[in-house]
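Please open the model in a viewer and keep the sequence at hand. The tour proceeds by selection, from charged pairs to the interior.

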Amino acid sequence: MSPSESLHESLRLRLSARPCKTLITTIAAEAMADKMILDALLSFLHEREDSLRWRAAWVLEKVAGQCPSLLIDERSRMKALAMQADTPDGLRRLLLGILHHLPDDEDFDIAFFNFLLDVMIDLQSPSGVQSLALQLAYRQGKSDSDLHKEFLCIIRSMELDYYSAGVRSVAKKCLKGKL
């Protein structure tokens, strides 16, 4: 077994154990110090096993929160994975959380923006996913004043009484310009 394969297997075993905040934080610190660990975590996002994908994304969200520069080059892959129809909601929330930690993208991505709009108004989406979609769409829409006005019109047209308190709170902050 090569060192890379050994690292992958060791990391897979650690993530397969019952996850706890301490373990996730420890692996995140290791990933920030070792590109091979970071690359292994990124590769786990494309595995078939949902629990492994979810735990790898949890670690990567911690990495993004502390050192977003390490994941900027992965932005387009994170967006693509978040937009896939078969991505489980928990993984989608973590991917949007990672993207939320990254600095704003210089290039406007209309497909991703439309995806965010669809998710934020979809009453079937979990509130955490909707809230992050609102925040990301708000940030992305601010780059163009006409688009920003259209985004605010969409929020105003939402029947906020049908959404969770968290989604309503984020929507109101968007309308007030306090995000």
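Begin with Asp39, which is partly exposed at 35% relative accessibility. The coordinates belong to a predicted model. Add Lys35 to the selection: this residue counts as exposed, at 56% relative accessibility. The two side chains form a salt bridge, with the closest N and O atoms 2.9 Å apart. Both residues belong to helix H3, where four residues, about one turn of the helix, separate them. An α-helix has 3.6 residues a turn, so residues three or four places apart point the same way.

**Salt bridges around helix H5**

Across the structure, the count of salt bridges comes to twelve. For another of them, select Arg77 and Glu74, whose closest N and O atoms lie 2.7 Å apart. Arg77 is partly exposed at 47% relative accessibility, whereas Glu74 is buried at 14%.

Next, select Asp105 and Arg75. Their side chains meet in a salt bridge of 3.8 Å, N to O. This pair links distant parts of the chain, 30 residues apart: Asp105 lies in the loop between H6 and helix H7 (110–121), and Arg75 in helix H5. Is each partner buried or partly exposed? Asp105 is partly exposed, at 33% relative accessibility, while Arg75 is buried, at 10%. Extend the selection to Lys79 and Asp109: salt bridges with shared partners join these two residues with Arg75 and Asp105 into one network.

**The nonpolar core**

Now turn to the largest nonpolar core, which has 58 residues. Which members touch the most others? They are Leu15, Leu41, Leu45, Leu71, Leu96 and Phe151. Helix H4 (residues 50–66) supplies the largest share of this core, eight residues.

Centre the view on Leu41. Apart from residues up to four places away in sequence, Leu41 touches Leu11, Leu15, Ile27, Ala31, Ala56, Val59 and Leu60.

**Along helix H4**

Select the whole of H4, a helix of 17 residues. From its first C-alpha to its last it reaches 25 Å, close to the 24 Å expected at 1.5 Å a residue. Colour its buried residues: Leu52, Arg53, Arg55, Ala56, Ala57, Trp58, Val59, Leu60, Glu61, Val63 and Ala64. Against which helices do the buried residues of H4 pack? Their partners are helix H1 (3–16), helix H2 (21–33), helix H3 (35–44), helix H5 (75–83) and helix H6 (89–101).

Within H4, display Glu61. Its relative accessible area is 17%, so Glu61 counts as buried, the cut-off being under 20%. Setting aside neighbours within four places in sequence, Glu61 is in contact with Arg93, Leu94, Gly97, Ile98 and His101.

**An aromatic pair**

Finally, show the aromatic side chains; a search of the whole structure finds four aromatic pairs. One of these joins Trp54 and Trp58, with ring centres 5.2 Å apart and planes at 50 degrees, so the pair is tilted. Trp54 and Trp58 are four residues apart in helix H4, and therefore separated by about one helical turn. How do they differ in exposure? Trp54 is partly exposed, with a relative accessible area of 32%, whereas Trp58 is among the buried residues of H4.

Key. Residues numbered from 1 in each chain as written. Predicted model: local features only at pLDDT ≥ 70, side-chain atom pairs only at ≥ 80, totals over all residues. Heavy atoms only, no water. Core = buried A, V, L, I, M, F, W, Y, C linked by side-chain atoms within 4.5 Å. Buried < 20%, exposed > 50% of the residue type's maximum accessible area, 1.4 Å probe, protein only. Helix = DSSP H or I, 4+ residues; strand = E, 2+ residues; numbered from the N terminus. Contact = heavy atoms within 4.5 Å. Phe/Tyr/Trp six-rings, centres within 6.5 Å; stacked < 30°, edge-to-face > 60°. Expected span 1.5 Å × (residues − 1). Salt bridge = Lys/Arg side-chain N within 4 Å of Asp/Glu carboxyl O.
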